[in-house]
Amino acid sequence: MIAFFIKQQDKLLEALFRHLEIVGLVLLISIILAFLLTILILPRKSLSNIVIQIFNIIYSIPSLALFAILIPFLGIGMKTAVFVLVLYNQYILIRSNVEALNSVDASVLEAAQGMGMSRWQILWKIRIPLAVPRMMGGIHLAVISTIGITTIAATINAGGLGKILFDGLRTMNIYKILWGTIFSAGIALAADFILRLVEALLRRWLTPNEQNEAGLH
Amino acid sequence: MEKIAAYFSNYSSQYFQSVLEHLEISLLSVLIAILIAVPLGIISTHNKFLQKLTQRFFGMLRIIPSLTILVIAIPLLGTGVKPAVLALAILAIPPILVNTMIGFQTLPASVLETAKGMGMSRRQTFFKVKFPLAFPVIFTGIRIAVVEVIASATLAAYIGAGGLGGIIITGLGLMKTEILFIGGVSVAILSLLCGEILNRIGNYITRYQRIGS
């Protein structure tokens, strides 16, 4: 098994980096797009409900099916994969963003209003900073989901670790299946671990605890 | 459009067989998952150690990509319908298990005390009070599992399980867009439809919660 790794090192690592490249690109686009859409739809409750509903329907379509439906229009390759993955993430991210921003304590918002802050100021200086820990929950979900669905994107020639898994299946190569499994499960678990740490740190920094308050007095 | 019509006139029997296969595999997997997850969830609510263990293990399982779990099933279990059903059942366990635990942990203490005060035995309390109260939460878990399994069953075609995924794989192999479109749309409709039906059933069994509102 180790010998196989040494022999196929280039291929395996190339697939790993390709996978990380797709996941990184998708997340970058998804987070920016979801953030912009959230700010656009946030002031209107009915509009945000409709937008979330539409993305929910798209999200419910299995990935292999959505790839298949879009191939006639977009062709195969990495672009189609990135498009589908960004689309899926919109549901996860927009829903979590809207929930996070709406969960900010009403008394805090009233206090800000009383201080004469404009709606824009309240959004940027109060609501978003207070909502960040909860928004991270959505990003966490999106990262894990993107890593998973990217393996399936190998069916439309986007490359990545799914290619190793599918190649292993086709040629019944146990080593390929095993290394594909180790890498794909490994990066998902590693990403989960790192994000948990980041979330814990963010919560510590952003929520005022007794020590911080003691320091202020 | 004519190509799609031509496909249906030539392959309609195979098409409906695929749909049936897909439903069969999915339902069987969920059934196995229910038989494992519900008892396990109930036992774990009484045992802290077991609870931590199952939560950790199945929590990890949820993070690993579903394709990875299906593919690794082959060297372990072989190819065909049986390993596919088993692998899908493993994917379906976490949502049902988690919801079973939540359902039994969030029972209102006052109701349990009332049952005790009425002189109900442990068995009676379980079947007449605890289980009916926890059931809607468990059902939500089952709904999530069904939708996830219908999606993953598409991938199971790669390990020889048949179903609608087979149509998509054929379409990809031949690069025939009409076959891809038929397969994709069918899976999408099946998944949305099952989700909606289970949603309705879920609303129906919890209708008592909305009385008067």
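User: How many residues of chain A are in contact with chain B?

Analyst: Remember that this is a predicted model. To read a contact between chains, we ask whether the C-beta atoms of two residues lie within 7 Å. Here, 30 residues of chain A are in contact with 31 residues of chain B.

User: Which helices of chain A supply at least two residues of that side?

Analyst: They are α2 (45–60), α3 (63–74), α6 (119–152), α7 (161–171) and α8 (174–206). The most comes from α8(A), with 9 residues. Sorted by class, this side of chain A has 20 nonpolar, 9 polar and 1 charged residues.

User: Now the inside. Which residues touch the most other members of the largest nonpolar core?

Analyst: That core has 105 residues, and the ones touching the most other members are Leu88(B), Ala92(B), Ile96(B) and Ala156(B). Helix α4 of chain B, residues 81–105, gives the most to this core, with 13 residues. Take Ile96(B): beyond its neighbours within four places in sequence, its contacts include Ala33(B), Ile34(B), Ile138(B) and Ala145(B).

User: Is helix α7 of chain B mostly covered or mostly exposed?

Analyst: To judge a residue, count the other C-beta atoms within 10 Å of its own; 20 or more makes it buried. In α7(B), residues 164–174, 8 of the 11 residues are buried, so by this count the helix is mostly covered. Among the buried ones are Leu164(B), Ile167(B), Gly171(B) and Leu172(B).

User: What do those buried residues pack against?

Analyst: They pack against α3 of chain A, together with α1 (2–44), α6 (122–156) and α8 (177–205) of chain B. Just after α7(B), look for Met175(B), which takes a positive phi of about 55°.

Key
Residues numbered from 1 in each chain as written. Chains lettered and ligands numbered in written order. Predicted model: local features only at pLDDT ≥ 70, side-chain atom pairs only at ≥ 80, totals over all residues. Helix = DSSP H or I, 4+ residues; strand = E, 2+ residues; numbered from the N terminus. Nonpolar A, V, L, I, M, F, W, Y, C, P; charged D, E, K, R; others polar. Core = buried A, V, L, I, M, F, W, Y, C linked by C-beta atoms within 7 Å. Buried ≥ 20, exposed ≤ 12 C-beta atoms within 10 Å, placed from the backbone.
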